[in-house]
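Dear colleague,

I am handing over the structure we talked about, and I would be grateful if you could keep it open while you read. My notes come after it.

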Amino acid sequence: MSTEFVLINVRPNGAAAKDVVIRDGRIAEILPYGSRPFAAEIRVVDGEGLLMLPGLVDAHTHLDKTLLGMPWYRNDVGLELIDLIENERRMKRELGIDPARQSAAQIERSVANGTSHIRTHVDIDTEYGLAGLEGVLASRYRYRDIVDIEIVAFPQSGMLIRPGTVDLMEQATRAGADVVGGLDPSGVDRDPKGHLDTIFAMAERHGKPVDIHLHEPDALGVFAIELIVERTKALGMADRVTVSHGFCLGMLADRPLARLGGMMAEAGVHLMTKGGAASPRPPVLDLSDMGVKICSGSDGVRDTWQPFGNADMLDRAAIVSQRNDFINDVHIELALSLCTYGGARTMALQGYGLEPGCDATFLLVRAETPADAVASRPARRSVYRKGIPVAKDGALVAA
Ligand SMILES: [Zn+2]
């Protein structure tokens, strides 16, 4: 049986008011508001002139280890990457960070905030094995009707420096991880060629994309990106490789930046930037102009690394805007697009958007324009997934 309704008087991406016909979970037709009467048996939902945005895409987070809903964690950790990594591994046991419970807490928050798609990295290491993956797989299944979740097998504690990790990564890719992750090939693993050859070979064997956390600075980071570009081209993996953070891109003068950005654009190596404080900032506008495909994400939300984050991708668009000195509407809309269409492109989502034929997956907010939504971060009035309301006024709709 076909299910059909009309959402009248909504403004897709800030356009003039429209009536949106939704049939079988997809956008069937978009008509000027009030241009046509609808048959009496068709259900009409009043959109009250609200702004309609496509589902928000959180293309980089860590669902397995958020502390959301747990007691406040007093952070006395050192600032070196390795201190944070080792402290976190210890705290998982001491605090009892349960990946299934914690991922559920963040997923519920994300969906209430209008997020429809999440790419999460999950820790794979020799101490906890696949526990993080198993917990997030359980949550992915539990919430499968309200959100789509893609899982990256992520060697957070290092891969080659901890023998046994490569095997676990292999197991993870067979057990449900969708993407092969990596981490600072030189800075953590001390072997850039070995690290990258291993993860690209694994990705090729399993036909999976690659997403690498790259915090490495200056020339070291540039070298890593060059090696990533080489492998992406050699394996024909355009648009299936993402550099997450890429802090070195925020540390370069104009000419080396143009050279490296050009290489990434040509090879189809995407960039994920969260616009975070206390770290170098890849320049979103310059890189976007060079043709680099960029997405964004929450990264860690209230975890043992840092206490900030709320799994709200409109907030993220504001953070990216402010970190990039974006003040005009065009630039703020670019920041928002990293959290919508940009994430969808990196995750190769099918049926994403607000055109006829797309999934009816969107949110409605009271804002005049997309830039207003980023500046004001209004309450999420309604969140729909495939034509079904999943959240309303910041709370999930009961199943
Ligand atoms: Zn991360």
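Below I go through the metal site, the sheet, one loop residue and the salt bridges.

Please bear in mind that this is a predicted model, in which local features need pLDDT of at least 70 and side-chain atom pairs count only at pLDDT 80 or more, whereas totals for chains, interfaces and linings use all residues. Residues are numbered from 1 along each chain as its sequence is written, and side-chain values use heavy atoms, with hydrogens and water left out.

I begin with the zinc ion, whose protein donors are His60 (NE2), His62 (NE2), His213 (NE2) and Asp299 (OD), at 2.1 to 2.2 Å from the metal. Donors here are N, O and S atoms within 2.8 Å of the metal (3.2 Å for Na, K and Ca), and since water is not among the atoms, sites may look incomplete. Along the chain these donors follow the spacing H-x1-H-x150-H-x85-D. The angles that the four donor atoms subtend run from 89 to 169 degrees, and the arrangement is therefore irregular; four donors would count as tetrahedral if all angles lay between 85 and 135 degrees, four as square planar and six as octahedral if opposite donors were over 155 degrees apart and all others between 65 and 115, and anything else is irregular. His60 and His62 are both buried, a word that stands for under 20% relative accessible area, with exposed meaning over 50% and partly exposed in between (1.4 Å probe, protein chains only).

Next comes an open sheet of eight strands with mixed pairing, in the order E3-E2-E1-E4-E13-E14-E15-E16. E3 and strand E16 (395–396) are at its edges with a single partner strand each, so one side of each has no neighbour in the sheet. Helices (H or I, at least four residues) and strands (E, at least two) are DSSP runs numbered from the N terminus, and two strands pair if DSSP finds at least two bridges between them. Strand E1 (residues 4–12) runs parallel to E4, joined by seven bridges, and Ile8 stands opposite Asp46 in E4. E4 is in turn joined by four bridges to strand E13 (residues 362–365), this time antiparallel, with Phe362 in E13 as the bridge partner of Pro54.

Ile42 lies in the loop between strand E3 (26–32) and strand E4 (43–54). Neighbours within four places in sequence aside, Ile42 is in contact (heavy atoms within 4.5 Å) with Glu4, Phe5 and Val6.

Finally, there are 26 salt bridges, each being a side-chain nitrogen of Lys or Arg within 4 Å of a carboxyl oxygen of Asp or Glu. Arg259 and Glu226 meet in one of them, at 2.5 Å from N to O. That pair links distant parts of the chain, with Arg259 in helix H7 (residues 254–267) and Glu226 in helix H6 (residues 218–234), 33 residues apart. Another joins Lys293 to Asp239, with the closest N and O atoms 2.9 Å apart. Lys293 is in the loop between helix H8 (284–289) and strand E12 (294–295) and Asp239 in the loop between H6 and strand E10 (241–245), so this pair ties together parts that are 54 residues apart in sequence. Lys293 is partly exposed at 26% relative accessibility, and Asp239 is partly exposed at 33%. Glu48, Arg366, Arg381 and Asp393, for their part, are linked in a network of salt bridges.

With best wishes
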